[in-house]
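Student: I'd like to go through the labels used for this model and see what stands behind each one. Could you show me the structure?

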Amino acid sequence: MTWETLEKFEPWMQTAAGLAALVLLAYALRLVVRLALLQIVPRFRASLGAVWLRTLLDNRILVRVAQIVPSLVVQTGIAAVPHLPVIASTVIRNVAIAVTALQVARLLCAIMDSIQEANESQLEAEQSTRSVKSYVQLGKMLVMVVAGIVMVATLIDRSPLILLSGLGAMSAVLMLVFKDTILSFTAGVQLASNDILRVGDWLEMNQVGADGAVVDMALNTVKVRNWDNTITTIPTWRLMSDSFKNWRGMSESGGRRIKRPLCIDTTSVRFLTRAEIAELSHIALLRPYLESKVAEITAYNQDFSAKAPDMADEIVNLRQLTNIGTYRAYCNAYLQAHPKLRKDMTLMARAMEPTNQGSPLEIYAFTDTTAWLEYEAIQGDIFDHLIAILPEFGLRVFQVPSGNDMQVALRQHEVQALQR
């Protein structure tokens, strides 16, 4: 049907036919563009080397591109509709422009969604990749705000600058309404730029009851799956205003720290006799220490006896091996020989300040794994052995007396009383 044919009808019929033809043309072109994009682009998309090109040519983005066509056709072809009043033509054109702005905003949002999905795919493959979800959410919000301003300005046939100048007067209200969003975005930028927190990191934040893996980092919130599978939601801005512990450094180091004291009963600490030293020399891990230490002490005692023979009989003037010092040397040798401990990290058994619970001997070492179950198994085996071998050195573990201990003591006291 041509415009000459339409001239035979009444003006209003010509206008109606022109509008109908314009609408049909718009949606026909949309269908053609959509089919063309969905049929042609996927054929060469897989062969593209650049990942960002494949991301931008996602099917959802192609569909959004096709959805822009109808409004473009209407706003460019509305002037060709015969006998259409100027006011109606202006209104339809403005509505078409507003729809175009909306479709362009949806296209940009689809692009950002595709970028976010590509980033999340990399997160699963590479733990070093940083999440862009907060940036995507902020970008989508800004795009929709700009699109809303353009749409309103177009519909009322005014410049967008007029609306923006009006928004300037409302900046205080907007700052109050979007306070948390602004703070969270700033915190998110700092977290990402300084690489403070990533998805997959184990976070510990006692102030909010969070102790688990970060599963999601959004614009306003960070979700943490706790060790008991509960979910804690933390406002993003709190991660910069409050302190928290990130266990990523431990995971990346490849070693998990053991730092636990073994409290020894102070009353069991004493000097070793020659017979006990000879017996302990049969322990393979301890023999090198005893040989060197006995030679060192013997040389010192002989030198002291030569210089002060009248004082050589006093035990306090001579050096002697103690059972707790020998046990500490054994612990160090045992840790050095343990196949599941890191030798390139701090490894020691150290004596700590005596307390009312005995003399603590702290084991400080790093396992060669960060897996929790394996770490606990290694730590348990080490302390099982060290506690079990204590009697060989004449030492006892300090233990607060229990009700059973009191009953045994009372029975012994009764027996002794009867024997008297």
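**From values to labels**

Tutor: Happy to! Ser-241 sits in helix H10, which spans residues 238-241. Keep in mind that this is a predicted model.

Student: Why is Ser-241 called partly exposed?

Tutor: Its relative accessible area is 46%. Buried would need a value under 20% and exposed one over 50%, so Ser-241 falls in between and counts as partly exposed. In space, its C-alpha atom is 8.7 Å from that of Ala-187, although 54 residues separate the two along the chain.

Student: Now the helix pairs. What makes H6 oblique to H9?

Tutor: The axes of H6 (residues 133-155) and H9 (residues 179-193) come within 10 Å and cross at roughly 140°. Roughly antiparallel is kept for angles over 145 degrees, and roughly perpendicular covers 65 to 115. The angle fits neither, so the pair is oblique. The crossing of H6 and H9 is left-handed.

Student: Which residues make that contact?

Tutor: H6 brings Tyr-135, Leu-138 and Met-141, while H9 brings Thr-181, Phe-185, Gly-188, Val-189 and Ala-192. By class, six of the residues in the contact of H6 with H9 are nonpolar, two are polar and none is charged.

Student: And how do you know how H14 and H15 run relative to each other?

Tutor: H14 and H15 pack at about 150°, their axes 12 Å apart. That angle is over the 145 degree cut-off, so H14 and H15 are roughly antiparallel. H14 crosses H15 in a right-handed sense.

Student: Which residues of H14 and H15 meet?

Tutor: On H14 they are Tyr-327, Tyr-330, Cys-331, Tyr-334 and Leu-335; on H15, Asp-381, Ile-382, His-385, Leu-386 and Ile-387. The contact of H14 with H15 holds eight nonpolar residues, one polar and one charged.

Student: What makes a group of residues a nonpolar core?

Tutor: The members must be buried nonpolar residues joined through side-chain atoms within 4.5 Å. The largest such core has 32 residues, and Tyr-327, Leu-341, Ile-382, Leu-386 and Phe-393 touch the most other members. Elements that each supply at least two residues of this core include strand S6 (256-264), helix H13 (287-307) and helix H15 (372-388). H14 gives the largest share, seven residues.

Student: What does Phe-393 touch, leaving out residues up to four places away in sequence?

Tutor: Phe-393 touches Arg-270, Leu-280, Ile-283, Leu-286, Asn-323, Thr-326, Tyr-327 and Tyr-330. Apart from this core lies another, of 12 residues, among them Val-199, Leu-203, Ala-210 and Ile-234.

How values were computed:
Residues are numbered from 1 along each chain as its sequence is written. This is a predicted model: local features need pLDDT of at least 70, side-chain atom pairs count only at pLDDT 80 or more; totals for chains, interfaces and linings use all residues. Side-chain values use heavy atoms; hydrogens and water are left out. Axes are lines fitted to C-alpha atoms, for helices over the stretch in contact, and angles run from 0 to 180 degrees between N-to-C directions. Helices (H or I, at least four residues) and strands (E, at least two) are DSSP runs, numbered from the N terminus. Angles under 35 degrees count as roughly parallel, over 145 as roughly antiparallel, 65 to 115 as roughly perpendicular and the rest as oblique. A crossing is left-handed if the near helix is turned anticlockwise from the far one by less than a right angle, and right-handed if clockwise. Contact means heavy atoms within 4.5 Å. Ala, Val, Leu, Ile, Met, Phe, Trp, Tyr, Cys and Pro count as nonpolar, Asp, Glu, Lys and Arg as charged, and the others, Gly among them, as polar. Buried means under 20% relative accessible area, exposed over 50%, partly exposed in between (1.4 Å probe, protein chains only).
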